[in-house]
Amino acid sequence: MVLNYIWISFILVAFIVACVQLVAFGNAQAFTDIVNSTFTSARTGFEVSLGLTGVLALWMGIMKIGERGGMIQLFARAVHPLFRRLFPDIPKDHPAAGSILLNLSANILGLDNAATPAGLQAMRELQELNPDKSRASNAMIMFLVLNASGLTLIPVSIMTIRAQMGASNPADVFIPIMIATFASTAVGVLALCIKQRIRIDGVILGTFGSVALLIAGVVWAFSRMEQDEVQRVSAAAASIILFTIIVLFILSGVRKRINVYDAFIEGAKDGFGTAIRIIPYLVAILVAVGMLRASGTLDFLVDGLKSLVAALGLDTRWVDGMPTALMKPLSGSGARGMMVEAMNTFGADSFAGRLSGILQGASDTTFYVVAVYYGAVNIKNSRYTVPYALLADLAGVITAVAVAYVFF
């Protein structure tokens, strides 16, 4: 229901802004840009889904091997103390817990291609437990908010783009991103715990405390390296961990004496079907976002915000990085484009350039995640998923701006 209102609102706002441009400024080009964006966005949605087909087939095949080999159940038992509290509706040793863990692990390592298939597999397994197949369960909402908060340990892509844009130290945003994305996740999860009446006990607090210590350890280790070494080591670590998981899954299947190849083919078929099912959902949300962007709505928001901040006598430097924050919940590629544009306009080492990089890494693409994951299992009523996911995003944005002023 929430997505329905959001989708309609995006289109209507784009139309109203275009009308204002026509009447007030005599600019009819906005309508042409909006119409052109519908074709471009629809094609992009299909191409993204098509591009996901092979990746989904691969990773859902690997996931099926892990499920039959017992690795998913092993992961589930390892995180059972925490997951039993955050996901009280998931039975003990259910494969959904292992799939959720793999998805979150891939996100933490910045392995987007591996995270999406594991996440879709988790949604399929959560849907099996869902008593109302058209309405998001509490477990689904918790899982989606965890994804939307975008907890990332190694932001390799952002550091790479900064290097390409000529930053003197591409890794200088590493520590601020770590702080901002952790704040986003912590706020989203703890707020949901309150909403779903989950008791915040020592296990939950201890887990977040342990993650905070892990982040501090990684920050300390990378702070002793040169930026080139940071990128090289982080990329190698992510690849080693990913390939190790694949090998462990295959070995678990061999140990269980299952037909590993047949298990892979069965999972790959499910991956192909999933990629086809998400096409209409992805096209719908990308078209609405494209209209909003082409209408100039985001430009109006940024200019208005800068005027308001200036009128209050406050520093306006942070406003120049806000297009990335405004675009991030709507489109990952759009936010990346906004980040690059900020670096082009103000410089990669400017305050706005650095802030845009921190904002890019502070959270994930909320509406994309909601559309794809819920669309894959035909969820029509997302309940309070979007408001709480956006709350996590807001926490990430506020923290990003704060740490940018502290560090830069």
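**Exercise 1. The second largest cavity**

By class, six nonpolar, one polar and three charged residues make up the lining of the second largest cavity. The model under study is a predicted one. Determine which residues lie closest to the centre of this cavity and which helix supplies the largest share of its lining.

*Solution.*

Step 1. Begin with the count: the model has two cavities of 30 Å³ or more. The second largest cavity has a volume of about 60 Å³.

Step 2. Ten residues line the second largest cavity, and the closest to its centre are His-80, Phe-83, Ile-90, Pro-91 and Ala-97.

Step 3. Helix 4 provides the largest share of this lining, with three residues.

**Exercise 2. The second largest pocket**

Establish the volume of the second largest pocket, which helices supply its lining, and how many residues of each class that lining has.

*Solution.*

Step 1. The volume of the second largest pocket is about 630 Å³. Its lining consists of 28 residues, of which Leu-101, Leu-104, Ile-108, Leu-151 and Val-211 are the closest to the centre.

Step 2. At least two lining residues come from each of helix 4 (80–86), helix 5 (95–108), helix 7 (138–149), helix 9 (174–195), helix 10 (202–223) and helix 11 (227–255). The most is given by helix 5, with six residues.

Step 3. Sorted by class, this lining holds 21 nonpolar and seven polar residues, and no charged residues.

**Exercise 3. Two side chains and their backbone partners**

For Ser-37 and Gln-21, state where each residue is placed, whether each is buried or exposed, and which backbone oxygen lies at the side chain of each.

*Solution.*

Step 1. Ser-37 belongs to helix 2 (residues 29–69). The relative accessible area of Ser-37 is 12%, and because buried means under 20%, Ser-37 is buried.

Step 2. A polar atom of the Ser-37 side chain lies 3.5 Å from the backbone oxygen of Gly-290. Leaving aside neighbours within four places in sequence, Ser-37 is in contact with Gly-290, Met-291 and Ala-294.

Step 3. Gln-21 is placed in helix 1 (residues 2–25). With a relative accessible area of 12%, Gln-21 falls under the 20% cut-off and is therefore buried.

Step 4. At 2.5 Å, the side chain of Gln-21 reaches the backbone oxygen of Ser-295. The contacts of Gln-21, apart from neighbours within four places in sequence, are Gly-26, Asn-27, Ala-30, Ser-295, Gly-296 and Phe-300.

**Exercise 4. Positive phi values**

Give the phi of Arg-257 and of Arg-383, and locate each residue relative to the helices.

*Solution.*

Step 1. As background, most residues other than glycine have a negative phi.

Step 2. Arg-257, although not a glycine, has a positive phi of about 60°. Arg-257 lies in the loop between helix 11 and helix 12 (260–277). Its relative accessible area is 77%, which is over 50%, so Arg-257 is exposed.

Step 3. Arg-383 is likewise not a glycine, and its phi is positive at about 55°. The loop between helix 18 (366–376) and helix 19 (385–407) contains Arg-383.

**Exercise 5. Cysteines**

State how many disulfides the structure holds, and decide whether Cys-19 and Cys-193 are buried or partly exposed.

*Solution.*

Step 1. A disulfide is a covalent bond between the sulfur atoms of two cysteines. The structure holds zero disulfides.

Step 2. Cys-19 has a relative accessible area of 25%; because this value lies between 20% and 50%, Cys-19 is partly exposed.

Step 3. Cys-193 has 0% relative accessibility and so counts as buried.

**Exercise 6. Separation in sequence and in space**

For the pairs Val-187 and Ala-310 and Pro-323 and Gly-66, give the separation in sequence and in space, then name the contacts of Val-187 and Pro-323.

*Solution.*

Step 1. Val-187 is placed in helix 9. Val-187 is partly exposed, with a relative accessible area of 33%.

Step 2. From C-alpha to C-alpha, Val-187 and Ala-310 are 29 Å apart in space, and they are 123 residues apart in sequence. Not counting residues up to four places away in sequence, Val-187 touches Leu-391 and Ala-395.

Step 3. Pro-323 is found in helix 15 (residues 322–327). Between Pro-323 and Gly-66 the separation is 257 residues in sequence and 41 Å in space, C-alpha to C-alpha.

Step 4. With neighbours within four places in sequence left aside, Pro-323 is in contact with Val-302 and Met-338.

Conventions:
Residues are numbered from 1 along each chain as its sequence is written. This is a predicted model: local features need pLDDT of at least 70, side-chain atom pairs count only at pLDDT 80 or more; totals for chains, interfaces and linings use all residues. Side-chain values use heavy atoms; hydrogens and water are left out. Helices (H or I, at least four residues) and strands (E, at least two) are DSSP runs, numbered from the N terminus. Buried means under 20% relative accessible area, exposed over 50%, partly exposed in between (1.4 Å probe, protein chains only). A polar contact is a pair of N or O atoms within 3.5 Å; within protein, one must be able to donate a hydrogen and the other to accept it, and residues adjacent in sequence count only if both atoms are side-chain atoms. Contact means heavy atoms within 4.5 Å. On a 1 Å grid over the protein atoms alone, a cavity is a set of points where a 1.4 Å probe fits but cannot get out, and a pocket is an open set with protein on both sides within 12 Å along at least five of seven lines; lining residues have an atom within 4 Å of a point. Grid points are joined across faces, edges and corners, and a volume is the space filled by probe spheres set on the points. Ala, Val, Leu, Ile, Met, Phe, Trp, Tyr, Cys and Pro count as nonpolar, Asp, Glu, Lys and Arg as charged, and the others, Gly among them, as polar. A disulfide is a pair of cysteine sulfur atoms within 2.5 Å.
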